[in-house]
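Trainee: I have a model open in front of me and would like to take a close look at one part of it. Could you walk me through a salt bridge, and then show me how that part sits in the rest of the chain?

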Amino acid sequence: MARRWTLDFLKTEAAAGALLGVAALAALIVANSPLSADYFYWLKSEHLFQAGPLSLELSVSEWIKEGLMAIFFLVVGLEIKYEIRCGELSDPKKLATPVVAALGGMVAPAAVYLLFSGLFAGPHQGWPIPLATDIAFALAVFGLVAKNLPSSLRVFLLTLAIVDDLGAIALIAVLFSEGVNWVLLAWAAGLLVVGAVMARRRVAAPFWVLGFGLVWWLSVKAGLSTSLAAVAFALIVPVSPRASDQQSPLKEAMHDLHPYVAYLVLPLFAFAKAGVSFSGLSVEQLLAPLVLGIAAGLFVGKQIGVFGAAWLVSALKLGTKPTQATWLQVYGVSLLCGVGFTMSLFIGALAFPGAVDSPLQVEVKLGVLMGSVLSAVVGAVVLSIASDRRRRSKATVEPITEPQHANIDLR
């Protein structure tokens, strides 16, 4: 059951990747069309939300980043909890290789970025940008070229991406939550405690909607990253079903929220963040240290860190590569981990706060797009070669089938 649920998750993410690509392409077209001024004005325009005594005024860009993306991180948190309790992450032996590979995939990109920023006098605070992997985009590319590859590679990629996202969330909380209002934060923590107690009593769904809304509002007002608050809230959502309907609140929430995240939240975020105006773009800006550092961190750092750590864990007998997979296939997956896109753009918006069309934001977007596209293309080529090799290898040992449907293995 857990395996089937995971494969359903993968299908949805892979299908949504195409929509992400369309949204990103649309953003690039609009940002370089006569609608460019309207596009950037819309992102900067501020809007007030008020519900009784609760009020909040943010720009469209901030509403998407702090509001809609909180729902994304809630779903990520629910997925992490589910995998730890019921899925692939519940087995320590299966967990070791992708977790260590994910850690390598965070350390190496940071090192590569800092190397570039040191050599070319770039801004050091951008090192967290190439650390994360975009689950939907990476799975979309994998689904297009890996039809003949073992399904264990999909689970390996998903586990890697989950750990990557968890590490990114931790970094966001530590690095980008400044000037926290501790009184409001205490209220948010208190609500989480109350929610955890009520979860044991199998409280009905309306509480979770209201509770998440209050925790989110307090987090914004407290100056805490809403991504951390969303994951913290996800951890108190119960996995065990309610006695009344035998339905798990966590799986119910995943089922209800996941399509909205895959087909609305992430594409809208991509449309808001991927828009780069090439008007007046110079070669100097295209080859700026920030651009090169991010691109190299995603393309070079990710593949070195993920593949190197996975190989080392296997060589030390602390873990094994995915079932029936070859090292060429694992290398292809390592390349796909360099598709940072939405996650990297999200971290970039936090690392270099300012207008969406500011020079630093333009450089962040250029670096993320260059590194992600290069990783996706080369990763697709490697996995296509690996898939073709596996198909030809299986064809050479295909058993002969007699008319009576008896299989004779000639090997």
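Mentor: Happy to! Keep in mind throughout that this is a predicted model. Let's start with D388, which forms a salt bridge with R391; their closest N and O atoms are 2.5 Å apart. Side chains of opposite charge can pair when their charged atoms come close. Now find the two residues along the chain. Both belong to helix α15, which covers residues 359-396, and they are three residues apart, so about one helical turn separates them.

How buried or exposed are these two partners? D388 has a relative accessible area of 28%, and because values between 20% and 50% count as partly exposed, D388 falls into that class. R391 is partly exposed as well, at 41% relative accessibility.

It helps to set this pair beside another one. The structure holds two salt bridges, and K302 and D164 form one of them, with 2.7 Å from N to O. Here the partners come from separate helices: K302 lies in α12 (residues 289-315) and D164 in α6 (residues 152-175), so this pair ties together parts that are 138 residues apart in sequence. Their surroundings also deserve a look. K302 is buried, with a relative accessible area of 0%, and D164 is likewise buried at 0%.

What does K302 touch, apart from its neighbours within four places in sequence? Its contacts include G105, P109, P130, L131, A132 and T133. D164, its salt-bridge partner, is in contact with K302 too, and among the others are F307, S334, C337 and G338. Try displaying these residues around the K302 side chain in your viewer.

Let's step back to the whole chain. Its secondary structure comes to 15 helices and four strands. Of the 411 residues, 53% are buried. If you take the contacts between residues at least 6 apart in sequence, 80% of them join residues at least 24 apart. You can see separation in sequence in another pair as well: E79 and K251 are 172 residues apart in sequence, while their C-alpha atoms are 9.1 Å apart in space. E79 sits in helix α3 and is buried, with a relative accessible area of 2%.

Now turn to the outside. The protein chain exposes about 18,700 Å², and carbon and sulfur atoms supply 67% of that area. One spot to find is a nonpolar surface patch of about 340 Å², made by V283, L286, L287 and M370. Within that patch, L286 belongs to helix α11, residues 283-286, and is partly exposed at 34% relative accessible area.

Finally, look for the largest pocket, which has a volume of about 600 Å³. Its lining has 28 residues, and E62, K65, E66, L350 and P353 lie nearest its centre. Several elements give two or more residues to this lining, among them α2 (36-44), β2 (54-59), α3 (60-85) and α14 (341-351). Helix α6 is on that list too, and you have already met α6 as the helix that holds D164.

So your close look gives you two pairs to keep in mind: D388 with R391, about one helical turn apart in α15, and K302 with D164, which ties together parts 138 residues apart in sequence.

How values were computed: Residues are numbered from 1 along each chain as its sequence is written. This is a predicted model: local features need pLDDT of at least 70, side-chain atom pairs count only at pLDDT 80 or more; totals for chains, interfaces and linings use all residues. Side-chain values use heavy atoms; hydrogens and water are left out. A salt bridge is a side-chain nitrogen of Lys or Arg within 4 Å of a carboxyl oxygen of Asp or Glu. Buried means under 20% relative accessible area, exposed over 50%, partly exposed in between (1.4 Å probe, protein chains only). Contact means heavy atoms within 4.5 Å. Accessible areas come from the Shrake-Rupley method with a 1.4 Å probe; for residues, only the protein chains shown count as cover. Patches are made of residues with over 30% relative accessible area and no salt bridge: like charges are joined within 9 Å, nonpolar side chains (Val, Leu, Ile, Met, Phe, Trp, Tyr) within 5 Å. On a 1 Å grid over the protein atoms alone, a cavity is a set of points where a 1.4 Å probe fits but cannot get out, and a pocket is an open set with protein on both sides within 12 Å along at least five of seven lines; lining residues have an atom within 4 Å of a point. Grid points are joined across faces, edges and corners, and a volume is the space filled by probe spheres set on the points.
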